[in-house]
Amino acid sequence: MHADWISYLNTLELSPYTPADKQAILAPLNHLSILSVTGKDAANFLQGQTTCDINALVDSKPALGAYCNAKGRTISTFIIIKQQNEFQLILTKDLIDTVRKKLQMYVLRSDVQLTDQSELLCITGISNIELPPQTHLYQYPQLDNSYLFISNTEDSCLFWSELRQQQTIKLINSSAWLGLDIQAGIPWLYTPTSEEFVPQMLNLDKLDAISFEKGCYTGQEIVARTHYLGKNKRAMYPASCTTETDIPPGSVITDNEDAVQGTVVLSTRLDKTTQLLVVLKDQAVNTKNLQLNNQNHDKITLN
C-alpha cells in the first residue's frame, strides 16, 4: 500500500463499526489488493483457471469468482473487473502473492502478465451515496447502492476530499466494511481458510460466481460433480457471537460435546456483537449449542 495513501488515511478518524442505519459510508478497503492480468492471451488464460465465465463478462461491470486448486478447493475468492482484454482481480491482500505465484505456474508460453498492483492502486468502498457514472467507479457486486472506486493515491485522495465537502459521510475502516460484505454473503478468504472449501460450501453458486456451462478450468471436475451429484455436505450461513475476543478466520466451531461442526470464514465487530460468516455441516444447522472452540466457548447464534 502506497505510503502517501496511508499518511492521508491517518489524518482521518475512521470508525471501527458499520452504522446500523443507511448512512452514507466511505471506507478504504485496505484488506484488499489488485492483481492485474494483461496480455493478448489473458482472457483465455483466466477462462481456464477461474470458476466464472470470463467470456461473458461486460466491460467495467464487476463480477464475483473463485480460483481453485486441482482438488476443487477454493484458493481465493475475488471480484473481477474487465477492461477490454485486461482484467483486475480484487482479492484479500493476505492471498495476493499466493495466487500470483500459483497462476504464474500455468502461464507457460502464453502472452500473459500478472502484476501485483498493491503499491499503485487504492481501493475505496462507497455505500448509500448517489454517484454519477465516472472513470474508476464500479458497481459493488451483491451490495445495493454501493460502489468501488479504484485509482492511484492522488486521484483517491481527491475523490475522498470532494465527496466529504459535498455531504456528510460516515468514515469507517476496512474491518467495519466487512460488515456489509457479511450481510451480502461475500466470502473473502484468508490464509487460514484458503483451500479449505469447495466453492459451493461458500455459496458461490448462489452468488453467480460459478459457471457450469463454460467448460474446463482448474478444479472444474470436482466443482461440477458436487453440483450435479448433490454431494455438498456443508454450506455457509450468517451468524453472530457476543464476545470480547477477536474471532479470526479459520476459528473452529463445535457443539457442546466438542464435536467439530464448522469453521469461521469472516468476522467483524458491530458494537458489542461480532457478525460472522460460518461454514457448517448440514446437521449442525439445527444444533442449538454451537460454540467457538476457544477458552470461553463463546456461543454462536445463526441469524
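Contact here means heavy atoms within 4.5 Å. By that criterion, and leaving out residues up to four places away in sequence, Ser-156 touches Trp-5, Cys-122, Phe-149 and Ser-151. The model is a predicted one, and the points below take up helix H4 with its partners, the aromatic pairs, the enclosed helix H5, and several individual residues in loops, helices and strands.

**Helix H4 and its packing against H1**

- Ser-156 lies in helix H4, and with a relative accessible area of 0% this serine is buried.
- The axis of helix H1, which covers residues 3–10, comes within 9 Å of the axis of H4, and the two axes cross at roughly 20°.
- Since angles under 35 degrees count as roughly parallel, H1 and H4 are therefore roughly parallel to each other, and the crossing in which H1 passes H4 is right-handed.
- On the H1 side the meeting residues are Asp-4, Trp-5, Tyr-8 and Leu-9, while H4 contributes Thr-153, Ser-156, Cys-157, Trp-160, Ser-161 and Arg-164.
- By residue class, this contact of H1 with H4 is made up of 5 nonpolar, 3 polar and 2 charged residues.

**Aromatic pairs**

- The structure contains 6 aromatic pairs, one of which joins Phe-149 and Phe-159, whose ring centres are 4.0 Å apart and whose planes lie at 5°, so that this pair is stacked.
- Phe-149 belongs to strand E9 (residues 146–151) and Phe-159 to helix H4 (residues 153–166), so the pair ties together parts that are 10 residues apart in sequence.
- Both partners of this pair are buried, Phe-149 with a relative accessible area of 4% and Phe-159 with a relative accessibility of 6%.
- Trp-5, Tyr-8 and Trp-160 are linked into a cluster by ring pairs, and these three residues are also among those through which H1 and H4 meet.

**Helix H5 and what covers it**

- Of the 11 residues of H5, 9 are buried, so this helix is largely enclosed by the rest of the structure.
- The buried residues of H5 are Ser-174, Ala-176, Trp-177, Leu-178, Gly-179, Leu-180, Asp-181, Ile-182 and Ala-184.
- The cover over these buried residues includes strand E1 (25–28), strand E7 (122–127), strand E13 (260–270) and strand E14 (273–281).

**Residues with a positive phi**

- Most residues other than glycine have a negative phi.
- Gln-84, in contrast to that general tendency, has a phi near 60°, a positive value in a residue other than glycine.
- Gln-84 is placed in the loop between strand E4 (74–83) and strand E5 (86–92), where a relative accessible area of 63% makes this glutamine exposed.
- Asn-203 likewise has a positive phi, of about 60°, although this residue is not a glycine.
- Asn-203 is found in the loop between helix H5 (174–184) and helix H6 (220–229), and at 12% relative accessibility this asparagine counts as buried.

**Around helix H2: Gly-39 and Asn-44**

- Gly-39 occupies the loop between strand E2 (32–38) and helix H2 (42–47), and its relative accessible area of 17% places this glycine among buried residues, for which the limit is under 20%.
- Once its neighbours within four places in sequence are left aside, Gly-39 is in contact with Asn-85, Asp-111 and Gln-113.
- From C-alpha to C-alpha, Gly-39 and Lys-61 are 20 Å apart in space, with their positions 22 residues apart in sequence counted as their separation.
- Asn-44 lies in helix H2 and, at 59% relative accessibility, counts as exposed.
- Asn-44 and Ser-110 are 66 residues apart along the chain, and their C-alpha atoms are separated by 9.4 Å.

**Cys-241 in strand E11**

- Cys-241 lies in strand E11, which spans residues 234–241, and is buried, with a relative accessible area of 1%.
- Not counting residues up to four places away in sequence, Cys-241 touches Ile-247, Thr-273, Thr-274, Leu-276, Leu-292, Asp-298, Lys-299 and Ile-300.
- For one of these partners, Thr-274, the C-alpha atom is separated from that of Cys-241 by 5.2 Å, although the two residues are 33 residues apart along the chain.

Definitions and conventions
Residues are numbered from 1 along each chain as its sequence is written. This is a predicted model: local features need pLDDT of at least 70, side-chain atom pairs count only at pLDDT 80 or more; totals for chains, interfaces and linings use all residues. Side-chain values use heavy atoms; hydrogens and water are left out. Rings of Phe, Tyr and Trp (its six-membered ring) pair if their centres lie within 6.5 Å; planes under 30 degrees apart count as stacked, over 60 as edge-to-face and the rest as tilted. Helices (H or I, at least four residues) and strands (E, at least two) are DSSP runs, numbered from the N terminus. Buried means under 20% relative accessible area, exposed over 50%, partly exposed in between (1.4 Å probe, protein chains only). Axes are lines fitted to C-alpha atoms, for helices over the stretch in contact, and angles run from 0 to 180 degrees between N-to-C directions. Angles under 35 degrees count as roughly parallel, over 145 as roughly antiparallel, 65 to 115 as roughly perpendicular and the rest as oblique. A crossing is left-handed if the near helix is turned anticlockwise from the far one by less than a right angle, and right-handed if clockwise. Ala, Val, Leu, Ile, Met, Phe, Trp, Tyr, Cys and Pro count as nonpolar, Asp, Glu, Lys and Arg as charged, and the others, Gly among them, as polar.
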